[in-house]
Amino acid sequence: MPRMTINDRPVEFDLDPQMPLLYALREAANLTGTKSCGGGDCVGACMVLVDGTALRSCRITLAEAEGRLITTIEGLSRDRSHPMQQAMVAEQAIQCGYCTPGIVISGAALLQRNPAPTREEIEAAVPNLCRCGVYPRLVKAVQLAGRVVQRRESISAAPAPGIDAADAAERVPALRVQAGPENGSSEPDS
Ligand code: FES
Ligand code: FES
């Protein structure tokens, strides 16, 4: 049975070793942040880090992943604090969400080996397909993240997951909340 380390946790899959890693991640490990076009056509919605290199998990079998260190988007950071995640928000480079996890993984892998990439280097290292045309912002996001990695710049952090409505209302002018009558919980105004 294939064994590997996923997001710092040793795991063993009781699955066909020829199964693509992608399906094991999504269907068995419940790591659904890794997306799938189902056929190797999307150029990277399924990207994960394999021993630090961004690879398409739909093209790797469990047997090939045996003994490797796998990092999915869930393992990149627990609180969206990775510079690539923060820079994607800051540069408004997040569009449909389907492609974003793979783009972030590709960018993170690039920055690990080259924190100051040129536009050409980013285009080569982040091949992810994006039909909404986010590429110019994507280049800016990777370069911003690189400056953060080098501690030449900082980003004012985006809200962490699980932010409640009252906290969100302090940041979003269109949202108002009222205190709940008994337990102090808050509901959006209608
Ligand atoms: S699922 Fe589309 S390239 Fe892997
Ligand atoms: S981010 Fe998904 S198509 Fe552009």
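**Exercise 1.** In this predicted model, find which residue of strand 5 I6 stands opposite, then place strand 1 among its neighbours.

*Solution.*
- I6 stands opposite I70 in strand 5.
- Strand 5 covers residues 69-71 and pairs with strand 1 in the parallel sense. Two bridges join them.
- Strand 2, residues 9-12, pairs with strand 1 in the antiparallel sense, over four bridges.
- M4 has V11 of strand 2 as its bridge partner.
- Strands 1 and 2 form a hairpin, with two residues between them. In that turn, N7 has a positive phi of about 50 degrees.

**Exercise 2.** Sort the residues of strand 1 (residues 3-6) by covered and uncovered face.

*Solution.*
- M4 and I6 make up the covered face.
- R3 and T5 make up the uncovered one.
- Link this to pairing: M4 bridges to V11, and I6 stands opposite I70.

**Exercise 3.** Is R9 buried or exposed? Locate R9 relative to I70 as well.

*Solution.*
- R9 sits in strand 2.
- Count its neighbours: 10 other C-beta atoms lie within 10 Å.
- The cut-off for exposed is 12 or fewer. R9 is therefore exposed.
- R9 and I70 are 61 residues apart in sequence. Their C-alpha atoms are 9.4 Å apart in space.

**Exercise 4.** Which residues of helix 1 (residues 21-28) are buried, and what does their cover include?

*Solution.*
- The buried residues are L21, L22, A24 and L25.
- An α-helix has 3.6 residues a turn, so residues three or four places apart point the same way.
- The cover over the buried residues includes helix 2 (62-65).
- Just after helix 1, N30 takes a positive phi of about 60 degrees.

Key. Residues are numbered from 1 along each chain as its sequence is written. Chains are lettered from A and ligands numbered from 1 in the order in which they are written. This is a predicted model: local features need pLDDT of at least 70, side-chain atom pairs count only at pLDDT 80 or more; totals for chains, interfaces and linings use all residues. A residue is buried if 20 or more other C-beta atoms lie within 10 Å of its own, exposed if 12 or fewer, and partly exposed in between; C-beta atoms are placed from the backbone. Two residues are in contact if their C-beta atoms, placed from the backbone, lie within 7 Å. Two strands pair if DSSP finds at least two bridges between them.
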